[in-house]
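Q: Please take a close look at one part of this structure. Describe how its side chains are placed and what they meet, then set that part beside other pairings in the chain.

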Amino acid sequence: MAVLEVEHLGKTFGRTEVLKDISFSLEKSQVLSIIGSSGSGKTTLLRCLNFLETPSAGTIKVNGKTLFDGNNASTVQEAAIRENRLHFGMVFQSFNLFPQYTALGNVMLARELQAKKSPDFKANKKKIMAEIRKEAEDLLTQMGLKDRMNNYPHQLSGGQCQRVAIARALALKPDILCFDEPTSALDPELTGEVLKVIKGLADQKMTMIIVTHEMAFARDVSNHVIFMDNGYILEQGESKELFENPKQERTKQFLTRFKEG
């Protein structure tokens with residue numbers, strides 16, 4: 001069974017149709033890269049999957065469970081949307097860390113807020129918080145930030161902030177980890193360290209969706225690639241096949257610019 005199934009997804013802003021009849025699936029442990037020119041709908045698609053935007057049509061299923069049905073969209077409650085988001089971990093372009101918290105505090109925060117909703121939190125607070133702290137420390141160590149846990153975001157480089165953001169997304173144990181242009185806000189020499197972390201997660205069989213302009217990275221790390229143009233999925237397929245033998249003329253034009261660059 002596919003981890004993620006998207007069927008006929010659409011999104012309009014006023015009279016502007018940004019996503020048009022988007023359909024694809026994602027298997028467990030698969031890495032999907034979404035490529036295309038600016039304005040093609042890549043980020044909007046990711047935001048719809050994470051329920052940061054409400055789709056206008058279509059369905060989204062995770063592990064066979066329908067999270068969104070365009071026919072019943074008006075009946076979806078905010079609490080259900082928050083719960084649906086837990087299936088997806090989101091790493092943004094600009095980190096979105098809380099400046100008043102340390103790296104460790106940023107990673108612990110969502111888990112702590114989630115734990116406080118549990119009826120047995122007060123009775124077991126010390127034990128639960130110790131577990132949350134240990135998990136956060138382990139994630140930051142995995143990100144190569146063992147010695148930076150008590151630093152605040154302003155004391156970290158852009159690459160380190162992005163690695164904290166990745167650890168924070170992983171803390172909630174999402175089914176799918178999503179990246180929206182994870183290196184676009186970084187200096188070129190910091191880009192490599194973040195891509196290395198993402199490659200490591202792929203090697204660990206983390207299921208991921210990556211919106212990226214790093215074509216060589218998309219080619220090498222992905223199992224599957226989607227090329228978007230003007231709100232449509234114009235072409236999709238296995239990474240090697242799409243990059244080496246694109247079928248659509250528009251895809252060929254886009255990748256020719258990448259090869260020439």
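**A close look**

A: Just after helix H1, Phe51 has a positive phi of about 60 degrees. The model is a predicted one. Helix H1 itself covers residues 42–49, and it is mostly covered, with six of its eight residues buried. Those buried residues are Lys42, Thr44, Leu45, Leu46, Cys48 and Leu49.

Arg47 of the chain is partly exposed, because its relative accessibility is 27% and the buried class ends at 20%. The side chain of Arg47 forms a salt bridge with that of Glu53, at 3.5 Å from N to O.

Glu53 also leads to Lys11, a residue of strand E1 (residues 4–13). Lys11 is buried but has no salt bridge, and Glu53 is its nearest side chain of opposite charge, 4.2 Å away. Why does a distance of 4.2 Å leave Lys11 without a salt bridge to Glu53? A salt bridge needs a nitrogen and a carboxyl oxygen within 4 Å, so the 4.2 Å between Lys11 and Glu53 does not qualify.

What else does the Lys11 side chain meet? One of its polar atoms lies 2.7 Å from the backbone oxygen of Thr54. The charged end of Lys11 also sits over the ring of Phe13, at 4.8 Å from the ring centre. Apart from neighbours within four places in sequence, the contacts of Lys11 include Thr44 and Cys48, two of the buried residues of H1. Among the other contacts of Lys11 are Val18, Leu19, Glu53, Thr54 and Pro55.

Now for the wider setting. The whole structure has 11 salt bridges, and the one between Arg47 and Glu53 has been described above. Another joins the side chains of Lys134 and Asp138, with N and O 2.8 Å apart. Lys134 and Asp138 are four residues apart in helix H4 (residues 125–142), so about one helical turn separates them. In general, an α-helix has 3.6 residues a turn, so residues three or four places apart point the same way. Both partners are partly exposed: Lys134 has a relative accessible area of 46%, and Asp138 has one of 40%.

The salt bridge of Arg163 and Glu193 has its closest N and O atoms 2.8 Å apart. Arg163 is in helix H5 (residues 158–171) and Glu193 in helix H6 (residues 188–203), so this pair ties together parts 30 residues apart in sequence. Arg163 is buried, with a relative accessible area of 11%, whereas Glu193 is partly exposed at 24%. Salt bridges with shared partners also join Arg111, Glu135 and Lys173 into one network.

Rings can pair as well. A search of the whole structure finds two aromatic pairs. Phe98 and Tyr101 form an edge-to-face pair, 6.1 Å from centre to centre and with 85 degrees between the planes. Phe98 is partly exposed at 37% relative accessible area, and Tyr101 is partly exposed at 31%. In the pair of Phe227 and Phe254, the ring centres are 5.1 Å apart and the planes are at 45 degrees, so this pair is tilted. That pair links distant parts of the chain, since Phe227 is in strand E9 (residues 224–229) and Phe254 is in helix H9 (residues 249–260), 27 residues apart. Phe227 and Phe254 are both buried.

Note on methods:
Residues are numbered from 1 along each chain as its sequence is written. This is a predicted model: local features need pLDDT of at least 70, side-chain atom pairs count only at pLDDT 80 or more; totals for chains, interfaces and linings use all residues. Side-chain values use heavy atoms; hydrogens and water are left out. Rings of Phe, Tyr and Trp (its six-membered ring) pair if their centres lie within 6.5 Å; planes under 30 degrees apart count as stacked, over 60 as edge-to-face and the rest as tilted. Buried means under 20% relative accessible area, exposed over 50%, partly exposed in between (1.4 Å probe, protein chains only). A charge sits over a ring if NZ of Lys or CZ of Arg is within 6 Å of the ring centre and within 35 degrees of the ring normal. Lys and Arg count as positive and Asp and Glu as negative; His and the chain ends are not counted. A polar contact is a pair of N or O atoms within 3.5 Å; within protein, one must be able to donate a hydrogen and the other to accept it, and residues adjacent in sequence count only if both atoms are side-chain atoms. Contact means heavy atoms within 4.5 Å.
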